[in-house]
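Please open the model in your viewer and keep the sequence panel beside it. The tour below moves from one selection to the next and says what is found at each stop.

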Amino acid sequence: MSKRVAILISGGGSNMEALVRSMTGDHPARPVLVLSNVAGVGGLARAEALGVPNVVVDHTQFGKNRAAFESEVDHALRAARPDIICLAGFMRILTPGFISGWAGQILNIHPSLLPRHKGLNTHARALEAGDAAHGCSVHEVTAELDDGPILGQAAMPVQPGDTPDTLAKRLLPMEHALYTRVLQRFASGNRELLRMP
Ligand code: GRF
């Protein structure tokens with residue numbers, strides 16, 4: 001029986017598309033829902049084109065009421081009955097209460113070599129820190145931001161003249177390769193750390 005995968009996005013959804021396209025043939029998982037907290041983003045059109053059911057839960061409709069927003073997200077997820085939830089460019093911080101309702105089932109891709117540079121603006125911070133290497137990490141989502149067990153990392157050298165934009169551009173395809181491989185392993189029950197290359 002295939003594992004059911006829901007993917008949460010906030011924007012372009014290139015990681016979501018890579019994940020959806022990877023779930024074919026003898027892959028142990030299949031996509032069942034794409035949920036965006038922002039209406040009209042490119043990722044929704046991509047999900048539609050890929051034939052994946054998709055919904056918007058617009059966080060701005062809930063003002064400061066984070067609990068009401070998360071309750072709506074949880075309701076949409078419960079209806080899709082996912083075994084795994086992949087955060088893929090999802091830009092809202094989820095509360096410990098929400099996360100505890102899906103313990104051990106949520107993955108996230110973060111554009112840094114965790115535990116370095118948790119949070120935002122990771123490319124600029126890697127440059128400011130003079131890091132020789134940069135990369136991305138896939139980790140299990142726990143109550144602490146960007147802090148859960150790391151399941152995979154892909155690293156690349158920082159080159160002279162790199163800017164946040166050149167790092168982001170070079171890193172994105174590596175994210176796709178890493179996230180798809182980690183999801184396949186995770187869906188098979190393999191939580192061993194994967195290092196790429
Ligand atoms: C990517 O830069 C990724 O590092 C971060 O969100 C950005 C957008 O990703 N997770 P996507 O194209 O929406 O998947």
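Which residue in β5 is the bridge partner of I85? Select I85 and follow its bridge into β5, where the partner is I106. Before going further, note that this is a predicted model, in which local features need pLDDT of at least 70 and side-chain atom pairs count only at pLDDT 80 or more, while totals for chains, interfaces and linings use all residues. Residues are numbered from 1 along each chain as its sequence is written, and side-chain values use heavy atoms, with hydrogens and water left out.

**The sheet**

Now display the strands, which, like the helices, are DSSP runs numbered from the N terminus (E, at least two residues, for strands; H or I, at least four residues, for helices). Eight of these strands form an open sheet of mixed pairing, in the order β3-β2-β1-β4-β5-β6-β7-β8, where two strands pair if DSSP finds at least two bridges between them. At the edges stand β3 (54–56) and β8 (194–196), and each has a single partner strand, so one side of each is left without a neighbour in the sheet. Averaged over this sheet, and with direction ignored, neighbouring strands are turned by 20° against each other; axes here are lines fitted to C-alpha atoms, for helices over the stretch in contact, and angles run from 0 to 180 degrees between N-to-C directions.

Select β1 (residues 3–9) together with β4 (residues 84–87): these two strands run parallel and are joined by four bridges. Within this pair, I7 has C86 as its bridge partner in β4, and L8 stands opposite L87 of β4. On its way to β5, β4 again pairs in the parallel sense, over three bridges. If you turn β4 so that both faces can be inspected, you find I84 and C86 on one side and I85 and L87 on the other, all of them buried, which means under 20% relative accessible area, whereas exposed means over 50% and partly exposed lies in between (1.4 Å probe, protein chains only).

**Helices against the sheet**

Add helix α1 (residues 14–22), which packs on the sheet and touches β1, β2 (29–36), β4 and β5 (106–110), with its direction making about 165° with that of β1; contact means heavy atoms within 4.5 Å. Then add helix α3 (residues 66–80), which lies across β1, β2, β3 and β4 and runs at about 155° to β2.

**The nonpolar cores**

Return to I7 and show its surroundings. A nonpolar core is a set of buried Ala, Val, Leu, Ile, Met, Phe, Trp, Tyr and Cys residues joined through side-chain atoms within 4.5 Å, and in the largest one, which has 33 residues, I7 and C86 touch the most other members. Helix α6 (residues 164–187) gives the most to this core, with eight residues. Leaving aside residues up to four places away in sequence, I7 touches M16, L19, V20, M23, L33, V34, L35, C86 and A88. A second, separate core of 20 residues includes A6, L8, L94 and W102.

**Helix α2**

Which residues of α2 are buried, and which are exposed? Colour G43, L44 and A47, which are buried. Seen down the axis of α2, its buried residues fall within an arc of 100°, so they line one face of the helix; the arc is that of the directions from the helix axis to the C-beta atoms. What covers them includes β1, α1, β2 and β3, while A45, E48 and A49, on the other side of α2, are exposed. After α2 comes G51, whose phi is positive, near 75°.

**Salt bridges**

Finally, show the charged side chains: a salt bridge is a side-chain nitrogen of Lys or Arg within 4 Å of a carboxyl oxygen of Asp or Glu, and the count comes to seven. E17 forms one with R46, their closest N and O atoms being 3.0 Å apart. This pair links distant parts of the chain, as E17 lies in helix α1 and R46 in helix α2 (residues 42–49), 29 residues apart. E17 is buried, at 17% relative accessible area, whereas R46 is partly exposed, at 32%. E17, R21 and R46 are linked in a network of salt bridges.
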